[in-house]
Amino acid sequence: KLFQSMLSKKPTLVSDCSPLKRTIESCGGGWIFEADNPLSCAQKIIEIHQSGSEMNTRIRRAYEAASGPLSWESTAESLVAFYQNLAK
């Protein structure tokens, strides 16, 4: 679902769950709130709404990452090799 969100060209807001946070931080393509903290989430929603051109920049970064270096076409080969090595 994360990559679908990134490809939607809409703001991407994720919790600070390690895999989600790492992905968003790596591309600078979204906002991160503290998990289990509704106030943190609400503050980030307000921040997104008030971010102006920063929102468009982050949306573009997310889209470019999800359709480029993080796309299935780019990551499939190494993932398949990883699982094949597990099976040995």
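Me: How far apart are the mean positions of the positive and negative charges of the protein?
Reply: Lys and Arg count as positive, Asp and Glu as negative, with His and the chain ends left uncounted. Each charge is placed at NZ of Lys, CZ of Arg, CG of Asp or CD of Glu. This is a predicted model, where local features need pLDDT of at least 70, side-chain atom pairs count only at pLDDT 80 or more, and totals for chains, interfaces and linings use all residues. For the 10 positive and 9 negative charges, the mean positions are separated by 4 Å.

Me: What pattern does the protein follow along the sequence?
Reply: Helices (H or I, at least four residues) and strands (E, at least two) are DSSP runs, numbered from the N terminus. Residues are numbered from 1 along each chain as its sequence is written, and side-chain values use heavy atoms, without hydrogens or water. The protein has 5 helices and 2 strands. Read in order, they give α-β-α-β-α-α-α.

Me: What percentage of the residues of the protein count as buried?
Reply: Buried means under 20% relative accessible area, exposed over 50%, and partly exposed in between (1.4 Å probe, protein chains only). The C-alpha atoms fill a box of roughly 50 × 25 × 15 Å along the principal axes. Of the 88 residues, the buried share is 27%.

Me: Which atoms supply 55% of the area that the protein exposes?
Reply: Accessible areas come from the Shrake-Rupley method with a 1.4 Å probe; for residues, only the protein chains shown count as cover. The protein exposes about 6100 Å². The 55% comes from carbon and sulfur.

Me: What share of the contacts with a separation of 6 or more comes from residues 24 or more positions apart?
Reply: A contact means heavy atoms within 4.5 Å. Take the contacts at a separation of 6 or more; residues 24 or more positions apart account for 37%.

Me: How far apart are the end C-alpha atoms of helix α5?
Reply: Helix α5 covers residues 72-87, and 1 of its 16 residues is buried, so the helix lies largely in the open. The expected span of a helix is 1.5 Å times one less than its number of residues. That rule gives 22 Å for α5, which agrees with the end-to-end distance in the model, 21 Å.

Me: Where is D36 placed?
Reply: D36 has phi near 60°, a positive value in a residue other than glycine. At 82% relative accessibility, D36 counts as exposed. Its place is the loop between β2 (31-33) and α3 (38-50).

Me: What is the relative accessible area of K9?
Reply: K9 sits in the loop between α1 (2-7) and β1 (13-15). Its phi is also positive, near 60°, and K9 is not glycine. K9 is partly exposed, at 49%.

Me: How many disulfides does the count come to?
Reply: A disulfide is a pair of cysteine sulfur atoms within 2.5 Å. Buried C27, at 15% relative accessible area, has its closest cysteine sulfur in C17, 15 Å away and too far for a bond. The sulfur of C41 also has C17 as its closest partner, at 14 Å, again too far. The count is 0.

Me: What distance separates the C-alpha atoms of S26 and A65?
Reply: S26 lies in helix α2 (residues 18-27). At 57% relative accessibility, S26 is exposed. S26 and A65 are 39 residues apart along the chain, yet their C-alpha separation is 9.0 Å.

Me: How far apart in space are E64 and Q50?
Reply: E64 belongs to helix α4 (residues 53-67). E64 is partly exposed, with 41% relative accessible area. E64 and Q50 are 14 residues apart in sequence; C-alpha to C-alpha, the distance is 23 Å.
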